[in-house]
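Trainee: I'd like to look closely at just one part of this one. Could you take me through it slowly, one piece after another?

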Amino acid sequence: QVQLVESGGGLVQAGGSLRLSCAASGRIFSINAMGWYRQAPGKQREMVAAIRTGSRTEYADSVKGRCTIARDNARNTVLLQMNSLKPEEPAVYYCKAVVQYYSGSPSLSHWGQGTQVTVSS
């Protein structure tokens, strides 16, 4: 009922920049939060950055100062700009949206299919 389409992954040089985009569509009354998570092989999925109602942002300690998350409420999209990528940061990056289908409904989490980011040294 809700689809998240991610774009922008690929090969990035260490020290380079990454820009990811995620667009949500489908049965959406409101989106309470959107965010980006990543999962490296053999590791748990971890939050990279999130943006909540009122444009409150949250960043993982490992990316603070070199990462910016922004949201376009009119287009139900979220952008992630990450600079100075490190060789240990390749992973599959996932978009997440917490969505209400209608007024008063519970908020449910939805995930994108993930986009691979490879960092070359």
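Mentor: Sure, let's start at Y37, which is buried with a relative accessible area of 16%; buried means under 20%, exposed over 50% and partly exposed in between, using a 1.4 Å probe and protein chains only. Keep in mind that this is a predicted model, where local features need pLDDT of at least 70 and side-chain atom pairs count only at pLDDT 80 or more, while totals for chains, interfaces and linings use all residues. Residues are numbered from 1 along each chain as its sequence is written, and side-chain values use heavy atoms, with hydrogens and water left out.

Now for the rings. The structure holds two aromatic pairs. Rings of Phe, Tyr and Trp (its six-membered ring) pair if their centres lie within 6.5 Å, and planes under 30 degrees apart are stacked, over 60 edge-to-face and the rest tilted. Take Y37 and W111: their ring centres are 5.0 Å apart and their planes stand at 70 degrees, so this pair is edge-to-face. Y37 sits in strand β4 (residues 30-39) and W111 in strand β10 (residues 107-111), so the pair ties together parts that are 74 residues apart in sequence. Strands here are DSSP runs of E, at least two residues long, numbered from the N terminus. W111 itself is partly exposed, at 36% relative accessible area.

The other pair uses W111 again, now with Y94: the centres are 6.5 Å apart and the planes at 85 degrees, so these rings are edge-to-face too. Y94 belongs to strand β9 and W111 to β10, so this pair ties together parts that are 17 residues apart in sequence. Y94 is buried, with a relative accessible area of 14%. Put the ring pairs together and Y37, Y94 and W111 are linked into a cluster.

R45 comes in here as well. You'll find R45 over the face of Y94, at 3.7 Å from the ring centre, and also over the face of W111, at 4.6 Å from that ring's centre. For an Arg, "over" a ring asks for CZ (for a Lys, NZ) within 6 Å of the ring centre and within 35 degrees of the ring normal.

Stay with β9 for a moment, because V92 has its place there too. Leaving out residues up to four places away in sequence, V92 touches Y37, R38, Q39, G114, T115 and Q116, where touching means heavy atoms within 4.5 Å.

β9 (residues 91-100) also holds C95, while its partner C22 lies in strand β3 (residues 18-26). C22 and C95 form a disulfide, with their sulfur atoms 2.1 Å apart; the cut-off for that is within 2.5 Å. The link is left-handed, with -80 degrees about the S-S bond. C22 and C95 are both buried. As for C67, that residue is in no disulfide, and the nearest cysteine sulfur, that of C95, is 13 Å away.

Finally, follow C22 into its sheet. β3 pairs with strand β8 (residues 77-82) in the antiparallel sense over six bridges, where pairing needs at least two bridges found by DSSP. In β8, V78 stands opposite C22. These strands are part of an open antiparallel sheet of four, in the order β1-β3-β8-β7.
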